[in-house]
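This briefing sets out selected features of one protein model, grouped by topic. Please read it alongside the sequence and the coordinates.

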Amino acid sequence: MSESTDRKFLGRLSLPERRYLADALRTETVGGVLLLLAAVAALVWANSPLADSYKSAQDFHIGPAALGLDLSIQHWAADGLLAVFFFVAGIELKRELVAGELRDPRAAALPVVAALCGMAAPALVYALVNTLGGGSMDGWAVPTATDIAFALAVLAVIGTSLPSALRAFLLTLAVVDDLFAILIIAIFFTSDLNFAALGGAVAGLVVFWVLLRKGVRGWYVYVPLALVIWGLMYNSGVHATIAGVAMGLMLRCTTREGEEHSPGEHIEHLVRPLSAGLAVPLFALFSAGVSVSGGAIHDVFTQPVTLGVVLGLVVGKAIGIFGGTWLAARFTRAELNPDLAWPDVFAVATLAGIGFTVSLLIGELAFAGDDVLTDEVKAAVLIGSLIAAVLASVLLKLRVRKYQALVSDEERDEDEDGIPDIYEQDNPEYHLRMAEIYERKAAEHRERAQVAGASRDGADRPA
């Protein structure tokens with residue numbers, strides 16, 4: 001038997017990876033709930049008697065016109081706040097490549113193939129629907145994105161905790177997904193280039209990289225420089241969020257002697273709450289407010305552009321990720337973790353059909369200048385994400401007892417040393433500690449048995 005046949009897909013994570021994952025997803029879950037609340041608030045506001053004030057707030061302009069930054073609030077949210085989101089995505093990607101699931105090419109093959117198929121299939125579904133229906137092909141990229149925060153918010157709302165291997169798979173999918181979404185934005189949604197501004201942005205990035213390599217510290221150095229780079233990137237015609245990604249990728253995500261955490265992890269820990277708790281919810285607040293009247297919902301399911309988005313998210317994502325994963329596992333001869341089953345992979349693939357933040361952004365870019373179609377595409381993203389969330393919730397609830405048992409096993413720490421017992425099975429000291437614990441418990445129960453026996457004998461003795 002070759003070595004590859006012993007490889008496990010969705011196997012147990014290493015302890016450091018599990019701890020990093022738990023910390024990252026805890027913040028993303030809170031952010032996801034805020035994102036969900038912001039989206040609901042936007043929909044209520046945009047469909048209330050105060051709808052005009054919502055439109056006015058979106059279109060309110062602020063910023064220095066002399067620097068080319070006199071932008072609407074909605075524009076600031078999409079280009080400015082989402083740069084923070086993509087900065088964190090850049091750090092995540094760098095960490096995955098050098099210290100996480102993607103550092104080993106063989107181990108990375110499965111999630112990368114799954115993510116690629118999970119982006120290609122929705123694009124193909126959209127293209128097929130619009131080819132047959134005579135719609136616009138401009139929105140092919142809208143259903144290709146997965147929103148990890150929204151997916152985790154759904155898990156929190158339905159009260160389902162996934163085993164760490166499935167959560168890691170979902171996060172890795174989202175990281176690779178973000179990478180290709182970034183490439184799509186950079187390649188397909190770059191307007192006429194201003195080479196002077198682009199050269200200035202590149203020069204700023206070089207300075208940023210040199211300062212990092214020289215070990216220069218201090219937010220007061222990097223934050224002003226980052227703002228300059230962002231402003232130049234915006235004026236260059238390249239989407240400004242690319243600046244955030246580039247700076248995130250430059251951070252060092254490996255530890256050196258004497259370091260508990262790498263600089264990248266430390267900065268990610270500081271910035272992630274800002275991204276998940278403020279930047280993305282505010283983007284949702286000013287982007288998700290669309291009409292949800294009966295006529296608008298009817299149009300979503302009858303027009304090829306919007307129907308393509310819905311089917312791309314609901315059908316394309318599930319089939320693409322599941323099919324890509326199954327084929328990759330088959331050809332790499334990786335065995336599925338015996339504690340899990342292929343329906344679990346399909347449930348996570350369905351959950352990945354929640355494409356909110358980046359899908360809304362790409363929808364705005366794809367149909368810029370056509371406000372009516374942009375709003376219809378946004379409505380399609382919301383409806384498709386909602387359908388995917390409901391279907392995934394049903395599928396995950398069918399296996400909730402199995403997940404609860406697996407999570408309980410992962411978290412059990414009977415010797416209370418801060419390390420889950422499942423990670424200490426090869427440690428002799430752990431077994432000696434457990435032996436002492438059980439001996440104390442046995443002595444306690446023997447003592448209780450004697451007391452109980454004496455009490456019963458006293459009660460049975462005739463008066």
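**Overview**

The protein contains 17 helices and four strands. The model is predicted. The C-alpha trace spans about 95 × 60 × 55 Å along its principal axes, and 48% of the 463 residues count as buried. The structure holds 14 salt bridges, some of which are described below.

**Helix H1 and its surface patch**

- Helix H1 covers residues 15-46 and includes Val 30.
- Val 30, Val 33, Leu 34 and Leu 37 together make a nonpolar surface patch of about 320 Å².
- Within this patch, Val 30 counts as exposed because its relative accessibility is 53%, where the cut-off for exposed is over 50%.
- Leu 36 is also found in helix H1; at 25% relative accessibility, Leu 36 counts as partly exposed.
- The C-alpha atom of Leu 36 is separated by 22 Å from that of Thr 241, and these two residues are 205 residues apart along the chain.

**A buried salt bridge between H1 and H10**

- Arg 272 forms a salt bridge with Glu 28, in which the closest N and O atoms are 2.6 Å apart.
- This pair links distant parts of the chain: Glu 28 belongs to helix H1 and Arg 272 to helix H10 (residues 263-287), with their positions 244 residues apart in the numbering.
- Both partners, Arg 272 and Glu 28, are buried.
- The pair is part of a wider set of contacts, as Glu 28, Glu 92, Glu 268 and Arg 272 are linked in a network of salt bridges.

**Other salt bridges**

- A salt bridge joins the side chains of Glu 259 and Arg 252, with an N to O distance of 2.9 Å.
- The two partners fall into separate accessibility classes: Glu 259 counts as partly exposed at 26% relative accessibility, whereas Arg 252 counts as buried at 17%. The cut-off that applies here is 20% relative accessible area, under which a residue is buried.
- The side chains of Arg 448 and Glu 444 also meet in a salt bridge, at 2.7 Å from N to O.
- Arg 448 and Glu 444 both lie in helix H17 (residues 428-460), where they are four residues apart, about one turn of the helix.
- Arg 448 is exposed, with a relative accessible area of 51%, while Glu 444 counts as partly exposed at 39% relative accessibility.

**Helix H3**

- Helix H3 (residues 73-98) is made of 26 residues. From its first C-alpha to its last, H3 reaches 37 Å, close to the 38 Å expected at 1.5 Å a residue.
- A kink of about 35° occurs in H3 and is centred on Ala 83.
- Because 19 of its 26 residues are buried, H3 is largely enclosed by the rest of the structure.

**Helix H4**

- Helix H4 (residues 105-133) has 29 residues. The distance from its first C-alpha to its last is 41 Å, close to the 42 Å expected at 1.5 Å a residue.
- At Pro 111, H4 bends by about 25°.
- Gly 134 follows H4 and has a positive phi, near 70°.

**Buried positions in H11 and H14**

- Val 300 is located in helix H11, which covers residues 294-300.
- With a relative accessible area of 1%, Val 300 is buried.
- The C-alpha atoms of Val 300 and Lys 378 are separated by 9.8 Å, although the two residues are 78 residues apart along the chain.
- Ser 359 is found in helix H14 (residues 357-366) and is buried, with a relative accessible area of 1%.
- A polar atom of the Ser 359 side chain lies 3.3 Å from the backbone oxygen of Gly 355.

Technical notes:
Residues are numbered from 1 along each chain as its sequence is written. This is a predicted model: local features need pLDDT of at least 70, side-chain atom pairs count only at pLDDT 80 or more; totals for chains, interfaces and linings use all residues. Side-chain values use heavy atoms; hydrogens and water are left out. Patches are made of residues with over 30% relative accessible area and no salt bridge: like charges are joined within 9 Å, nonpolar side chains (Val, Leu, Ile, Met, Phe, Trp, Tyr) within 5 Å. Accessible areas come from the Shrake-Rupley method with a 1.4 Å probe; for residues, only the protein chains shown count as cover. A salt bridge is a side-chain nitrogen of Lys or Arg within 4 Å of a carboxyl oxygen of Asp or Glu. Helices (H or I, at least four residues) and strands (E, at least two) are DSSP runs, numbered from the N terminus. Buried means under 20% relative accessible area, exposed over 50%, partly exposed in between (1.4 Å probe, protein chains only). The expected span of a helix is 1.5 Å times one less than its number of residues. The bend at a residue is the angle between axes fitted to the seven residues ending there and the seven starting there. A polar contact is a pair of N or O atoms within 3.5 Å; within protein, one must be able to donate a hydrogen and the other to accept it, and residues adjacent in sequence count only if both atoms are side-chain atoms.
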